Amino acid sequence: MKILGIETSCDETAISIIETEGKIGESFDIKILANEILSQISLHKEYGGVFPMLAKREHSKNLMPLLLKALKESGFLKLKIKSSKSKIEENLSTYELKNLQTLLGREPELLEQFEKEIPKIEKPPLMAIAVTKGPGLEPALWTGINFAKALSAIWNIPLIPINHMEGHIFAGLLQKCEPLITNHQSLVTDVMSYKLSVISFPVIALLVSGGHTELIEMKDWFDYKILGATRDDAVGEAFDKVARILGLPYPGGPEISNLAETARLKELRIMNYELRKESETEKIKLPRPMIHSGDFDFSFSGIKTAVLYLVKKLPELTDEIKAEIAREFEDAVVEVLTEKTRRTISETCAQTLIVGGGVAANKLLRKKLTEMAGEEGADIFISEISHSTDNALMIAVAGATHYANFGKESFDNSNFKATGGLKIDNADLF
Ligand code: KG4
Ligand code: ZN
């Protein structure tokens with residue numbers, strides 16, 4: 001099936017078009033026809049984090065150009081033969097047009113672009129649209145959802161609401177195949193080709209992002225149970241906050257990770273007398289909160305506060321000390337995540353570990369989790385670095401698996417809840 005994926009839950013506007021074949025649990029092949037991401041990071045940098053209303057405004061501005069780009073890339077952009085009636089009324093009844101204007105009423109810029117562009121193009125050969133329904137920033141999410149609803153109405157194809165965290169799980173399961181040379185739309189092109197990994201249940205999924213830190217048990221496909229989660233900050237949020245304390249730009253994860261790596265490579269030593277007196281050792285030591293708590297929950301705000309107190313006590317925050325703090329922070333976080341995941345795997349007798357979410361891009365975490373899974377005898381699947389942070393490919397893939405498993409009837413536009421996805425936070429916006 002050919003499916004369009006839309007993701008606007010945070011600061012990435014993303015659109016993907018894929019073609020899939022097969023059955024979930026057997027073989028499931030995925031061809032990426034287009035995968036567009038427009039990051040707003042540079043805009044949010046000056047606020048030190050994501051500013052929701054700015055994110056919404058940018059999604060509203062960027063969704064239509066990104067859709068046209070994705071349609072062009074996939075060979076699905078066909079202009080209609082000029083007719084005297086090239087207005088949107090040609091495609092929609094008055095009732096539907098009113099509906100469209102209501103749907104996009106809060107996004108005037110998007111409505112204007114929609115009314116200008118969509119009537120000009122042929123309906124693409126898509127069978128469904130998958131859209132992130134949450135969790136995420138509400139104003140940002142609604143822009144994507146309303147855009148998806150409008151496209152679904154005008155093209156008369158089902159809309160599949162997808163939980164963003166379920167998307168991160170599917171990103172972890174994408175296994176690259178040899179590139180396909182196809183004669184797609186008379187152009188010989190390389191099509192990125194993937195398949196869904198074959199996995200043994202029970203599965204534990206570790207989801208680590210800017211908004212979530214969760215350990216999820218899957219006894220079967222689409223059967224999700226949250227075993228543990230953070231009680232305060234998400235791990236990505238902790239990376240971002242510690243980065244801010246150290247005067248590093250947003251997003252903090254990659255910045256801290258790079259700095260920690262330099263500290264490890266050069267084996268920097270803290271030469272500061274005050275610090276040595278304080279900690280009685282040469283090295284900075286941060287806590288490993290809840291590492292032995294006996295449950296599956298996490299807490300990361302304590303490490304962040306420990307960094308804050310440490311920095312306040314320093315006479316000077318030199319580059320060397322910054323790097324040493326980054327190294328110890330990354331060590332502490334990775335140790336907690338790895339040990340709690342090990343415990344979860346061991347207690348649930350899990351056969352497989354899936355890792356997804358923006359923090360899954362962290363190299364030290366990837367290394368330590370891979371070693372641990374080997375020791376526990378579990379297979380491990382971690383999302384490619386480029387698929388770890390938010391993207392629409394994972395939403396399209398999750399949507400295609402829902403469609404293949406539940407059938408299109410379950411996605412009747414009046415029945416948005418038939419998703420089987422994780423039920424967390426504001427994920428039930430529909
Ligand atoms: O999944 P994601 O793109 O967005 C959410 O759904 O939240 O995750 C973004 C988070 C940010 O907090 C960012 O700092 C973190 O992922 N991140 C990393 C790395 N790359 C991104 N954290 C640690 N190490 C990285 N290499
Ligand atoms: Zn995410």
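Which residues does Leu337 touch, not counting residues up to four places away in sequence? In this predicted model, the partners of Leu337 are Leu206, Val208, Thr213, Val235, Phe298, Phe300 and Leu365. Two of these names, Leu206 and Phe300, return in the description of the nonpolar interior, where they are listed with Ile325, Phe329 and Leu337 itself as the residues with the most contacts inside the largest nonpolar core. That core has 46 residues. At least two residues each come from β9 (203–208), α7 (235–245), α8 (252–266), α10 (301–313), α11 (319–348), β12 (352–356) and α12 (363–376). Of these elements, α11 gives the most, with ten residues. Another core lies apart from this one and has 38 residues, including Met1, Ala130, Ile162 and Leu174.

A look at the whole chain gives the setting for these cores. The protein chain has 14 helices and 13 strands. Of its 430 residues, 55% are buried. Among contacts with a separation of 6 or more, 73% are between residues 24 or more positions apart. The accessible surface comes to about 18,900 Å², and carbon and sulfur atoms account for 52% of that area.

The metal site comes next. The zinc ion (ligand 2) has three protein donors, His164 (NE2), His168 (NE2) and Asp390 (OD), at 2.0 to 2.1 Å. Along the chain, the donors follow the spacing H-x3-H-x221-D. Both histidines belong to helix α6 (residues 164–172), where they sit four residues apart, about one turn of the helix. Are these two histidines buried or exposed? His164 has a relative accessibility of 5% and therefore counts as buried, and His168, with a relative accessible area of 0%, is buried as well.

Polar side chains also meet around Asp233, a residue of the loop between β11 (223–229) and α7. With a relative accessible area of 7%, Asp233 is buried. Its side chain makes a polar contact of 3.2 Å with that of Lys241, and another polar contact, also of 3.2 Å, joins the side chains of Asp233 and Lys304. When neighbours within four places in sequence are left aside, the contacts of Asp233 are Lys241, Phe300, Ser301 and Lys304. Phe300 thus appears here as a contact of Asp233 and above as a residue touched by Leu337.

Aromatic rings add a further set of links, with seven aromatic pairs in the structure. In one of them, Phe114 and Phe147 have ring centres 6.1 Å apart and planes at 90°, so the pair is edge-to-face. Phe114 lies in helix α4 (residues 108–117) and Phe147 in helix α5 (residues 138–155), so this pair ties together parts that are 33 residues apart in sequence. Phe114 is buried at a relative accessible area of 0%, and Phe147 counts as buried at 0% relative accessibility.

For Phe170 and Phe222, the ring centres are 6.4 Å apart and the planes stand at 40°, so the pair is tilted. This pair links distant parts of the chain, 52 residues apart: Phe170 lies in helix α6, and Phe222 in the loop between β10 (213–220) and β11. Helix α6 therefore carries His164 and His168 as well as Phe170.

Technical notes: Residues numbered from 1 in each chain as written. Chains lettered and ligands numbered in written order. Predicted model: local features only at pLDDT ≥ 70, side-chain atom pairs only at ≥ 80, totals over all residues. Heavy atoms only, no water. Donors = N, O, S within 2.8 Å, 3.2 Å for Na, K, Ca; no water. Buried < 20%, exposed > 50% of the residue type's maximum accessible area, 1.4 Å probe, protein only. Contact = heavy atoms within 4.5 Å. Areas by Shrake-Rupley, 256 points an atom, 1.4 Å probe, with all protein chains shown as cover. Core = buried A, V, L, I, M, F, W, Y, C linked by side-chain atoms within 4.5 Å. Polar contact = N/O pair within 3.5 Å; in protein donor to acceptor, adjacent residues only side chain to side chain. Phe/Tyr/Trp six-rings, centres within 6.5 Å; stacked < 30°, edge-to-face > 60°.
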